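Me: I have a structure open and would like to walk through it with you. Could you start with the strands and then move on to the charged residues?

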Amino acid sequence: MSARLEAEHLYKVFGRRPDQAVERLREGADREELRADGTTAAVIDASFSVAPGQIFVVMGLSGSGKSTLLRMLNGLLEPTAGRVLFDGQDLTALGDRELREVRARKISMVFQHFALFPHRSVRENAAYGLEVQGVPRAERLKRAGEALALCGLAGWEDSWPDELSGGMQQRVGLARALATDADLLLMDESFSALDPLIRRDMQDQLLELQQSLKKTIVFITHDLNEAMRLGDRIAVMRDGRIVQTGTAEDILVRPADDYVSSFIQDVDRSRVLTASSVMDTDLRGDEADCACETATPDTPFNELCAISARLTHAVAVLDKDHELVGVVPRQRLVAFLGDEQHEPTPCVSPRDGGEKVTAHA
């Protein structure tokens, strides 16, 4: 599948002689050396690709460069070096007028602080992007109403923003982005201003919408649990650099360095891991032959624990062709939750005459 969005070796340097600073970075200079000269390297050699219909999460602490990176994706900031390709078109080569057209029609942004117009109704706020596009009033209000309904705001169209809760205001911001039918949504800490319960509701809303709309989304957050919950793929940023890119399971199971390891310490692994990430594939025997309950590679960790609790041996993991691709002993489940590993429990396959299939935790 070809990428919808590609970032190629992006740099953003603020201060004196930015081009010279990029060369120094390429030669191995670090952020601190540049800062001593009055130059700030906000993003350093960032590369990634986002497939159509994917939620790509960029996660990092404050000052890591994630918001600067996002603003280079739609041309709000011009890269000091590197390219941004959208559907194969080099956005960094466009003039101001062409960039405005792309932002108006193809790329929508959802901000952290809602950015609603207080003297426009909810419907008119949701229709604003279409107004910028020049869509006739009747059509834009109709499309705005449809987007508001998708976001759970049917019946609130004629209300004023200050009559809505924070979560509802953020839904208006999301509806405004969806109303334009943009191909790419950029979401900059869009839920971080909300209290935890409303934030989770908005995450649910986004995931539910994504099931039907299949938008391509770049989502910025400093919260790793949010990143793990939303992201099909995640990029972890530190000091302007992307230090690891992968699925939530990749990052949990194979952290790239001590920095990423420290991030994942407090993550609720049971909400992220699946059988494929914890199973042992060092097997003897190629089929699961007992009649016991089994799992698939996509079985969630919590469900896997429940299956394990009902069995006296390791859980067999079968692919779509019912072939054995792994086993998960109970001790391995405990180990992935942070406890000590113990010796594996064998799963006995009756057809093999009692031959043991052992998983090494």
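Reply: Strand β3 (residues 55-59) runs parallel to β8, and five bridges join them, with Met 59 having Thr 221 as its bridge partner in β8. Helices and strands here are DSSP runs (H or I of at least four residues for helices, E of at least two for strands), numbered from the N terminus, and two strands pair if DSSP finds at least two bridges between them.

Me: Before I go on, what kind of model is this, and what was counted?

Reply: This is a predicted model, in which local features need pLDDT of at least 70 and side-chain atom pairs count only at pLDDT 80 or more, while totals for chains, interfaces and linings use all residues. Residues are numbered from 1 along each chain as its sequence is written, and side-chain values use heavy atoms, with hydrogens and water left out.

Me: OK, which sheet do β3 and β8 sit in?

Reply: They belong to an open sheet of six strands in the order β6-β7-β8-β3-β9-β10, with mixed pairing. Because β6 (107-110) and β10 (241-246) stand at the edges with a single partner strand each, one side of each is left without a neighbour in the sheet. The twist averages 20° from one strand to the next, where strand axes are lines fitted to C-alpha atoms (for helices, over the stretch in contact) and angles run from 0 to 180 degrees between N-to-C directions.

Me: And how do β6, β7 and β8 pair?

Reply: β6 and β7 run parallel and are joined by four bridges, with Ile 107 opposite Leu 184 in β7. β7 and β8 also pair in the parallel sense, over five bridges, and there Leu 186 stands opposite Val 218 in β8.

Me: Is β8 covered or exposed?

Reply: β8 is mostly covered, as six of its six residues are buried; buried means under 20% relative accessible area, exposed over 50% and partly exposed in between, with a 1.4 Å probe and protein chains only. Thr 216, Val 218 and Ile 220 point one way from the strand, and Ile 217, Phe 219 and Thr 221 point the other way.

Me: What about the other sheet, with β1 in it?

Reply: That one is an open sheet of four strands in the order β2-β1-β4-β5, with antiparallel pairing. β2 (39-50) and β5 (89-90) stand at its edges, each with a single partner strand, so one side of each has no neighbour in the sheet. Strand β1 (residues 5-15) is joined to β2 by eight bridges, and Gly 15 stands opposite Thr 39 in β2. Helix α1 (residues 18-26) lies across β1, β2 and β4 (81-86), at about 115° to β1.

Me: Switching to charges: how many salt bridges are there?

Reply: The count comes to 22 salt bridges, a salt bridge being a side-chain nitrogen of Lys or Arg within 4 Å of a carboxyl oxygen of Asp or Glu. One of them joins Lys 66 and Glu 189 (3.8 Å, N to O). Lys 66 lies in helix α3 and Glu 189 in the loop between β7 (184-188) and α9 (196-213), so the pair ties together parts that are 123 residues apart in sequence.

Me: Are those two residues buried or exposed?

Reply: Lys 66 is buried, at a relative accessible area of 6%, and Glu 189 is buried too, at 9%. As for the helix, six of the eight residues of α3 (residues 66-73) are buried, so α3 is largely enclosed by the rest of the structure.

Me: Which side chains meet in a salt bridge within α7?

Reply: Glu 139 and Arg 143 do, at 3.3 Å from N to O, and, being four residues apart in helix α7, they are separated by about one helical turn. Glu 139 is partly exposed at 37% relative accessibility, and Arg 143 is partly exposed with a relative accessible area of 23%.

Me: What does Glu 157 pair with, then?

Reply: Glu 157 is buried yet has no salt bridge, and the nearest side chain of opposite charge, Arg 123, is 4.7 Å away; Lys and Arg count as positive and Asp and Glu as negative, while His and the chain ends are not counted. The side chain of Glu 157 does reach the backbone nitrogen of Gly 155 at 2.8 Å.

Notes: Contact = heavy atoms within 4.5 Å. Polar contact = N/O pair within 3.5 Å; in protein donor to acceptor, adjacent residues only side chain to side chain.
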